[in-house]
Each structure stands twice: as structure tokens, then as C-alpha cells.
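Reader: I have a protein chain to look at and would like to go through it by question and answer. Please show it before we start.

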Amino acid sequence: MALSCPSAADIRLSFCPQEERNRMAEADDGSEEPDPGEDQRGEGDASAATEGHSGSQAAPREAGDEAKDKLMPDAKVARVPGEEEEEDTDSMDGSGLYSLTEEGERESEGGRRERVNERDAGKRAARKRNRPSGGTTHHSSSSDEDDDDEEEEEDQEEEEDEQAMDAWLGAELRDLSGPSWRAVPSLKSREIGRGSHQFVRRVCGARGLVQRLELQGRLERHTGCVNTLHFNPSGTRLASGSDDLRVVVWDWARRRAELEFDSGHKSNVFQAKFLPHSGDSTLAMCARDGQIRVAELSATQRCKNTKRVAQHKGAAHKLALEPDSPCSFLSAGEDAIVFAIDLRLDRPANKLVVVKEGDKKVGLYTIFVNPVNTHHFAVGGRDQYVRIYDQRKINENENNGVLKKFCPSHLVSSESKTNITCLVYSHDGTELLTSYNDEDIYLFDSSHSDGADYRRRYKGHRNNATVKGVNFYGPSSEFVISGSDCGHIYLWDKVSARIVQFMEGDRGGVVNCLEPHPHLPGLATSGLDHDVKLWSPTAENLTGLKGLKDVMRKNKRERDEDSVRHGDQYDTQLLWFLMRHMRNRRPQRTRREGAEGDTDESWSSPDSSDEEDGGPDHVQCMSS
């Protein structure tokens, strides 16, 4: 007796749900060709949409292949035994989601045209409703024709603007490389002890985990905007500083504050950092009042005191730690001065350099020490130049002491008042990442010669309302991360400059501070909200980058509109800081009335300013 083999159609039916089988049975009497009006995008076509965005066209698919995708949406491809380990492409990876193409926007060209036509028709109808009534019928026909011509011209201009915007956003991008980490093979290797010492580093730098970052929790204690975050070297504690003039040390894993104390500052706390190799017992702080203060913490979770060690004549935004020193660090202020501070000395602060362009002082917003060559440090501020100095040979009579300068070539002679709000070195000191006010983020090679142009450019965010931070993410600086005035957090793949993660980070509208964990795949962020947000890669699905293109276009449009006004952009920032200060002034005054007076002399520097010596230089701190 001969056995009949099941046909291919029967096999396909066995994988289909009952509704799909009924639909196929009804279709048997009709044509077998797919309905041309149906959406022909299978779930596996996401990568093809991405390739189309980067300039290459996917090969056309046969009608039979498309039918199979529809008939077998949940069917799995059969694998040859032993082949799974080699072809495992990491379920953490979603190669179709790394470009500007969004999950909800992959549609046929006909669908796009239909939406554009509907939008244009709506605009025309609105214009007709807004036309003034009256006039004779004799002139109505010619008037309508003129209006239609104007509408077509306006529609064409809008379409050209959209195309120009997309071309700008897509320029200077590269193709994403394949995933560098695969979950299953890596876990199997760790189980047998192979490459286990590199496991955590590879996980933290995995693109698939970055695309699964989501909000994990909030730390709520401050009553003002949170301006600074810093993990201790072991990653067990997180320090935060705020406009409320207080510093909180968190046990972030348990979501509780271990220590809270008055910083001793008279205005917004801008940074609070654990000094390395100090046993988490020393915190360095700087603030809008220009003071550089040091807090001594005890092992019993209390603050012994804070002391002023230096005084700038303007706001001090950033501190730069030396990776191996528990007692030395640098500070930079809007007075253009860089202080070298050594806590072992009777007078800790020594004026290292006054940053100038020609004879004009350049106020500073940021400073960072090269983590490999600690003699080198970079600064940025109220002009477009990144300046690198060597502490061993600063001669202000020769090139103002500068070792080398970098600047994007198109900003060298730009008339716009461009400023550097933040810069950081990569993990090995070979690269320098710089964020410009109301411009883009640029990556420089720190080993290049003086005047070299940038290597990469990262677009899409907006940096205007505040002095915004930027950072590397990953143990080998695999990604670039920044906040934005639109309230979102952006992560770019460093090599390709493509956005791989896009998250809503702040209800107040601005994300300023981004602090990756030193050893785990996660980060902490803060901004105008009064809390600290913790992020970890726990999302079940990869990000779809939903709404990204619209937000990027909006940011670019607003930036262009502001640049046309030719106003001083930092006038608006000064107004913003003034309003924020006035808003918080009353509760701060109430807190200061309860603070103890001077109980000890502060450390001071012969170069320190005496203009702002009205507040306590030594403050006794109580534990929370």
C-alpha cells in the first residue's frame, strides 16, 4: 500500500492558526495571487527597510516568498543539528532597528504617497476655509486658479524642506557592523570557564542590551534640579548634588539614601565626585558660587565637615579627577582659570593656567584629565576650540600655554556664538568627545596634530537651554550618550554615528547629566526633574525608536529658527539660571538660617577671589 506524502500547502496549514486556515480555504476557489493592496512587509523585512535607508536597495522578493511569510508568521526555520551555535546572531540583536527608520514607519511607497496626498488635501481645505468671502463670480475662477498655484508652490517647498532635512540627518552616517557579542555562545563559554574574565565587559558593551534599556526606578530626595551624578569606583554608591544645595549619597541598588548633608555652597551645586582610592571618604564639590569644597565622610554614614579649598571669580561647573590620586584634582571656572588642587598642601589650590584666545580670556564650562596620560587635560568653554594642555610645560608666553587645539572646520570662522558645554576622554584617552551649544556632538582623535578636524559627528539632539553633558557608554567607549532639551536620552553607535536607543528621560523637558555604571550595563540620569532615574537593560523587546524622526526634525527646525535670530544664545541661558535661582531662593534662605556658622578656617589660595566670601567656609554636617 503506497503512502501519500503531505503537500507543501498542508505543511504550511499545520503552522497556521484556525482563522488563517479558514481564510485560505475560502481563497482556494479564487486567485492565488496576493492582494496588491495588502501590506507586504513581513516581520523579517525590518532589516531590508534599514538597508533601504542607508542607500542600498533590497533584492526584490518573489510572490511565493511573500505568501509564505503571510502564511507562516510564527513558523521557525528548521536548522541542521550543530548549526545553531554557529549561526546564533544573538537574540539581543535587532539589526533592523539601528537606522533612522522606525518600526512604525516601514510602509510601502504607495502608502506614503497616500498619506502625503491626504495631508496636502487637508492643508488646501484649511486654506480655502480661511479665504475671505465676497467678490463677484466673474473673478472667482481666476482667483481659485491663482490660489491653487500658490498652494502647489507651498506644498512643493514643504516637500523640498522635508527632503533637505532627511538628507542632513542621514549625512555622515556609516553602516552598522554586526553584533560583537552573542548571548548563547558567550554564556556557554563562561560555563566552561573560557573567557569568563571578559564576560562582563562584553555584556556591558553589547548593542542588544543597549537597545533594551528602560527605566528601572527613581531616587527621590532632592527638592531642586539634580545637576550632578557620580558613582564611586566600585559602583556601590551614587552621589548626587542639586539646586537645593544638598548632596545625597545613595545605596542605589536598595533605592535608599545613606547620607544627606549640606554642601556648604551658597548656590547651585554643579558637581560632587568621590576621589579615587580614598575609601569613599572624600567628596570634591563645585558650584555656581565659584567655591571648590571638599567633604570628609566617616565610615558611620555621617559627614564630618566640608571645607573650601579654592575660589573662582565666576561659576565653577566641572572638576577633573586624576584616576590614581586620592588627593589631587583640577577645577575650571567661568573666570577662565584652571586650579590644580592638592589636599596634602597647606594651601591646596595653585593657579595652573588662565585660558585665553589672543588677549581675551575664555570662560570655562568643562575640563577632563586624560585617563592614560594624566599630565594632559582638555578644557572647553565660551568659544569653539577644544584646548589640550600638558601640566609639565605650560608656558603662557608661548601659544598661551596650549599644547594643541581642535575645532570642527566649519565652526572655525563661523559667526555664530558657539560654545562647548562638555567634553570627555574615552576610556583609553585616544578620543575626545565634545558637545557644542546648539550644535552637534563631535569626536576628535586626541593624538592628531594641532588643528585637526573631527572624525565623527552625532546629530539629532538639542543642546541649548542648559550646560548639557555628554559621555561615552560601554567599557570600551562603544557608544555616545547625551541628553537633550526635548527631554529625551540619545545613544549613538560610536563608529557608525547611528542612533541605537532613544528614551524619554525627563518630564521637566531637559536631561543634563548621564552617568554610566562603572561595571554593570546600566546608567543613572538627571535633569530638571527633582529625582534621579536609573536605567537597566530589562526590556523584553528591542527599541522601535518610535517617534524619533519627528523629534529630530523638530529639534533641527527649532535650532535653525534660533540661529536666524542672531541673538546671543547665552543671554537666554543666563535668564533661565536667574529664574531658576529666584524660584529656589526662598527655601534655600530658610535652610541657610538653620546652618551653623564658621567653626574653622578654610583652606584658601593666594589666587582665590575675595568677591564671594560672604558664606561659611567650614560647615559641620549632620547625617540624614
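Author: Start with a definition: buried means under 20% relative accessible area, exposed means over 50%, and partly exposed lies in between, with a 1.4 Å probe and protein chains only. This is a predicted model, in which local features need pLDDT of at least 70, side-chain atom pairs count only at pLDDT 80 or more, and totals for chains, interfaces and linings use all residues. Residues are numbered from 1 along each chain as its sequence is written, and side-chain values use heavy atoms, with hydrogens and water left out.

Reader: How many helices and strands are in the protein chain?

Author: Both are DSSP runs numbered from the N terminus: helices are H or I with at least four residues, strands are E with at least two. By that rule the protein chain has 13 helices and 31 strands.

Reader: What percentage of the residues in the protein chain are buried?

Author: The protein chain has 624 residues. The buried share of them is 48%.

Reader: Which residues of helix 12 are buried?

Author: Helix 12 covers residues 548-564, which is 17 residues. Its span from first C-alpha to last is 25 Å, close to the expected 24 Å; the expected span is 1.5 Å times one less than the number of residues. Its buried residues are L548, K549, V551, M552, R553, N555, K556 and R559.

Reader: Which strands are at the edges of the open sheet with the order 24-25-26-27?

Author: Two strands pair if DSSP finds at least two bridges between them. The four strands of this open sheet pair antiparallel in the order 24-25-26-27. Each edge strand pairs on one side only, and these are strand 24 (470-473) and strand 27 (499-504).

Reader: What angle does the direction of helix 12 make with that of strand 26?

Author: Axes are lines fitted to C-alpha atoms, for helices over the stretch in contact, and angles run from 0 to 180 degrees between N-to-C directions. Contact means heavy atoms within 4.5 Å. Helix 12 packs on the sheet and touches strand 26 and strand 27, and its direction makes with that of strand 26 an angle of about 100 degrees.

Reader: Which residue is the bridge partner of F472 in strand 25?

Author: Strand 24 and strand 25 run antiparallel and are joined by four bridges. Both faces of strand 25 (residues 479-482) are covered, with F479 and I481 buried on one side and V480 and S482 buried on the other. The partner of F472 is V480.

Reader: Which residues have the most contacts inside the largest nonpolar core?

Author: A nonpolar core is a set of buried Ala, Val, Leu, Ile, Met, Phe, Trp, Tyr and Cys residues joined through side-chain atoms within 4.5 Å. The largest has 21 residues, and among the strands that each supply at least two of them are strand 8 (291-297) and strand 12 (337-342). The residues with the most contacts inside this core are I292, F329, I341 and L343.

Reader: Why is one side of strand 16 and of strand 19 left without a neighbour in the sheet?

Author: Another open sheet has four strands in the order 16-17-18-19, with antiparallel pairing. Strand 16 (364-369) and strand 19 (404-406) stand at its edges, so one side of each lacks a neighbour in the sheet: each has a single partner strand.
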